[in-house]
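Subject: The two-chain model, with notes

Hi,

Here is the structure I promised to pass on to you. Have a look at it first, and then read my notes below.

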Amino acid sequence: MYLYAITDRPETTLPGVTGIGGAELASLAVGDLDVVVSNSASIPPTATPETLWQHERVLEALMKDRTVLPVRFGTRFSGEQAIRAELMSRHEYYVEALERVKGCVEISLRVFSREVKITQPTVEKPATGRDYMASLMAKAASEREERRRAEALAESLINPLVAFATDYEIKVLPSPIQLLNAALLVPAERVNEVHQVARDLAEQYPDLPMVCTGPWPPYSFSSIHSEMNEHTGS
Amino acid sequence: MSDLYDQENVTLLDLVDRLLNKGVVIAGDLVISVADVDLLFVSLRAMVTSIESVSEKFEELRETGQAVATMARVADVSLRDNR
């Protein structure tokens, strides 16, 4: 069985979309929780843009009348009994995780930059051990300064958006061409306001290419004990 | 070449990043194989380094059959390629 999501409201009728490979969706109710699965013959699924979008479409359809915890793409169980055992053994955990994301969606903001990056200062070949150590210290100081400036800029960029978020995850300089990668958990009814603030930011910083995507299902906030939380300045 | 920063490319990048790296991890059998490497890599390469250097490196990797493994590492996917 292939898993899409853990949801609340098991009494709700499943949406009329199909799963990966056109498979029919099925519901496995365990008390007040529900697991949405398909008996896809084409498992294990291959990650292509089409299969990823199909997984996403199932989640989006479910979110219309349920709270959804997205399950990692590619997760399958040997059968109904194994799924029920998993949900029963961690029932409180899933209830708490659902409560955390209830009524919320995820918005992503990526800010790209070719200018803001960790650069290595040019140094002459050191003549002595002391010069070598001095060059290492200069390099480290330069990197610290670059990061400090990047973090200050990232903070000023993201603060107007964080004001809408019930939770957030921010990575500064996650790669050499990205200044900022942020995931924001925001109430669904405030998405239009968030998009407007993102558009205003793009106008305010024309030299920083930035792209806002979403609303997404709350992928980045589906685990209570997230290892990914890296809040800036906290 | 399309702009890496355009809405469509970044949306695909966000989709790949979220579905393969996030979401609830439960004690099932997680099996992912990856196809359409070229298409996915167009977006994923934005996460690593500049376009030009990665494009050159990717061509080398394709010739030596390492492209899938490299992409999985970029996406931080625990890949068990069953093909």
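Please keep in mind that this is a predicted model. I start with a surface residue, then go through charges, rings, confidence and the overall make-up of the chains.

**A nonpolar spot on the surface**

Try finding Leu136(A) in your viewer: Leu136(A) sits in helix α4 of chain A, which covers residues 129-162. With a relative accessibility of 37%, Leu136(A) is classed as partly exposed, because that class lies between the 20% limit for buried and the 50% limit for exposed. Together with Tyr132(A) and Met133(A), Leu136(A) makes a nonpolar surface patch of about 290 Å².

**Salt bridges**

How many salt bridges are there over all chains? The count comes to 15. Three of them may be worth a look on your screen.

One pairs Arg9(A) with Glu11(A), where the closest N and O atoms are 3.7 Å apart. Arg9(A) counts as partly exposed because its relative accessibility is 39%. Glu11(A), at a relative accessible area of 61%, is exposed.

Another salt bridge brings together the side chains of Arg100(A) and Asp167(A), at 2.5 Å from N to O. Arg100(A) belongs to helix α3 (residues 91-101) of chain A and Asp167(A) to strand β8 (residues 167-175) of chain A, so this pair ties together parts that are 67 residues apart in sequence. Are these two partners buried or exposed? Arg100(A) is partly exposed, its relative accessible area being 23%. Asp167(A) has 15% relative accessibility and counts as buried.

The third salt bridge on my list is formed by the side chains of Arg110(A) and Asp14(B), 2.6 Å apart from N to O. Arg110(A) is part of strand β7 (residues 104-112) of chain A, while Asp14(B) is part of helix α1 (residues 7-21) of chain B, so the pair joins two chains. Salt bridges with shared partners also put Arg110(A) and Asp14(B) into one network with Glu106(A), Asp17(B) and Arg18(B). Both Arg110(A) and Asp14(B) are buried.

**Aromatic pairs**

Over all chains, the structure has four aromatic pairs. One of them is made by Tyr2(A) and Tyr4(A), which meet edge-to-face with 4.9 Å from centre to centre and 80° between the planes. Tyr2(A) and Tyr4(A) are both buried. Tyr93(A) and Tyr94(A) form another edge-to-face pair, at 5.3 Å centre to centre and with 80° between the planes. Tyr93(A) is buried, as is Tyr94(A). Which residues do ring pairs link into a cluster? They are Tyr2(A), Tyr4(A) and Phe73(A).

**How far to trust chain A**

The average pLDDT of chain A is 87, and 88% of the residues score at least 70. Where in chain A is confidence lowest, and where is it highest? Strand β4 (residues 46-47) of chain A has the lowest confidence, with a mean of 78, and strand β5 (residues 68-70) of chain A has the highest, at 97. Those values are for elements, so please look at the residues numbered 226-234 of chain A as well, where pLDDT stays under 50. For that stretch the model has 15 contacts beyond four places in sequence. Where pLDDT is low, the predicted coordinates should not be read in detail.

**The two chains overall**

Chain A has five helices and 10 strands. It has 234 residues, of which 49% count as buried. For contacts in chain A between residues at least 6 apart in sequence, 74% join residues at least 24 apart. Chain A exposes about 11,300 Å², with 51% of that supplied by carbon and sulfur atoms.

Chain B has four helices and two strands, and its elements run α-β-β-α-α-α from the N terminus on. Of its 83 residues, 53% count as buried. In chain B, 70% of the contacts between residues at least 6 apart in sequence join residues at least 24 apart. The accessible surface of chain B is about 4,000 Å², and 48% of it belongs to carbon and sulfur atoms.

Happy to go through any of this with you.

Best wishes

Key:
Residues numbered from 1 in each chain as written. Chains lettered and ligands numbered in written order. Heavy atoms only, no water. Patch = residues over 30% accessible without salt bridge, like charges linked within 9 Å, V, L, I, M, F, W, Y side chains within 5 Å. Areas by Shrake-Rupley, 256 points an atom, 1.4 Å probe, with all protein chains shown as cover. Salt bridge = Lys/Arg side-chain N within 4 Å of Asp/Glu carboxyl O. Buried < 20%, exposed > 50% of the residue type's maximum accessible area, 1.4 Å probe, protein only. pLDDT = per-residue confidence, 0-100. Contact = heavy atoms within 4.5 Å. Phe/Tyr/Trp six-rings, centres within 6.5 Å; stacked < 30°, edge-to-face > 60°.
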